[in-house]
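Grab your viewer and work through these exercises with the model open. Each task comes with a worked solution.

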Amino acid sequence: MKGKILLGMGIVLVAFAAILMIPGSHAATITVPTDHATIQQAIDNATAGDTIRVYDGTYSSILVNKTLTIIGNGSSTTTIDGGGGAIAVNITADNVNITGFTIWNATEGITVSANYTDIYNCTLKNNTYGVYFNTGNHSKVRNCIIENNTKYGVYLGGENYLEVY
């Protein structure tokens, strides 16, 4: 009986170890500009669930089409400049978290067409719309400075549930 228990425990441990060794089963942390020169390159090379850490600098517009956490080094030092274009940050994937950026100089600072998006500790300024919720549910805008946007700070197009605080 003792042998069967030990054998069973051994099988469980081997199975657990095998799961831990599956490639891509762990979220990675990618840094910009150390691992990739731009935020978009980091997004393109990331796997859903990864975290992208962005250090001081000014970066161009991005498309976030994977479930990611993107963390800037602080809104006073880490900027996404829309370059006067349509969208600075375009979020099309569910469960995206954006924190610690100044996002400016676009028609839409952030456009959200997804569910469960969290935007926090950001400054959204000098856009036409600070945050434009095109579609989606259960998103949050927390502890953000939203100023000098010419139409709306936060615009709700198709968002069914949004918390702003």
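**Exercise 1.** Is Asp 118 buried or exposed?

*Solution.* A quick note on the ground rules: this is a predicted model, where local features need pLDDT of at least 70, side-chain atom pairs count only at pLDDT 80 or more, and totals for chains, interfaces and linings use all residues. Residues are numbered from 1 along each chain as its sequence is written, and side-chain values use heavy atoms, with hydrogens and water left out.

Now take the cut-offs: buried means under 20% relative accessible area, exposed over 50%, and partly exposed in between (1.4 Å probe, protein chains only). Asp 118 comes out at 16% relative accessibility, so it counts as buried.

**Exercise 2.** Find the partner with which Asp 118 forms a salt bridge, and place both residues in the chain.

*Solution.* Step one: look for a side-chain nitrogen of Lys or Arg within 4 Å of a carboxyl oxygen of Asp or Glu, which is what a salt bridge means here. Searching the whole structure turns up one. Step two: the partner is Arg 142, with 3.6 Å between the closest N and O atoms. Step three: Arg 142 sits in strand E14 and Asp 118 in strand E11 (residues 118-120), so the pair links distant parts of the chain, 24 residues apart. Strands (E) are DSSP runs of at least two residues, numbered from the N terminus. Step four: Arg 142 has a relative accessible area of 24%, so this residue is partly exposed.

**Exercise 3.** Which backbone nitrogen lies 3.2 Å from a polar side-chain atom of Ser 139?

*Solution.* Start in strand E14, residues 139-142, where Ser 139 is found. At 1% relative accessibility, Ser 139 is buried. The backbone nitrogen in question belongs to Thr 117.

**Exercise 4.** Trace the open sheet of five strands and work out which strands stand at its edges.

*Solution.* The order is E4-E7-E10-E13-E16, with parallel pairing; two strands pair if DSSP finds at least two bridges between them. Strand E4 (62-64) and strand E16 (152-156) are the edges: each has a single partner strand, so one side of each is left without a neighbour in the sheet.

Next, walk through the pairs:

- E4 and strand E7 (residues 87-91) run parallel, joined by three bridges; Val 64 has Ile 91 as its bridge partner in E7.
- E7 and E10 are parallel over four bridges, and Ile 91 stands opposite Val 112 in E10.
- Strand E10 (residues 108-113) and strand E13 (residues 129-135) are parallel over five bridges, with Glu 108 opposite Tyr 129 in E13.

Methods. A polar contact is a pair of N or O atoms within 3.5 Å; within protein, one must be able to donate a hydrogen and the other to accept it, and residues adjacent in sequence count only if both atoms are side-chain atoms.
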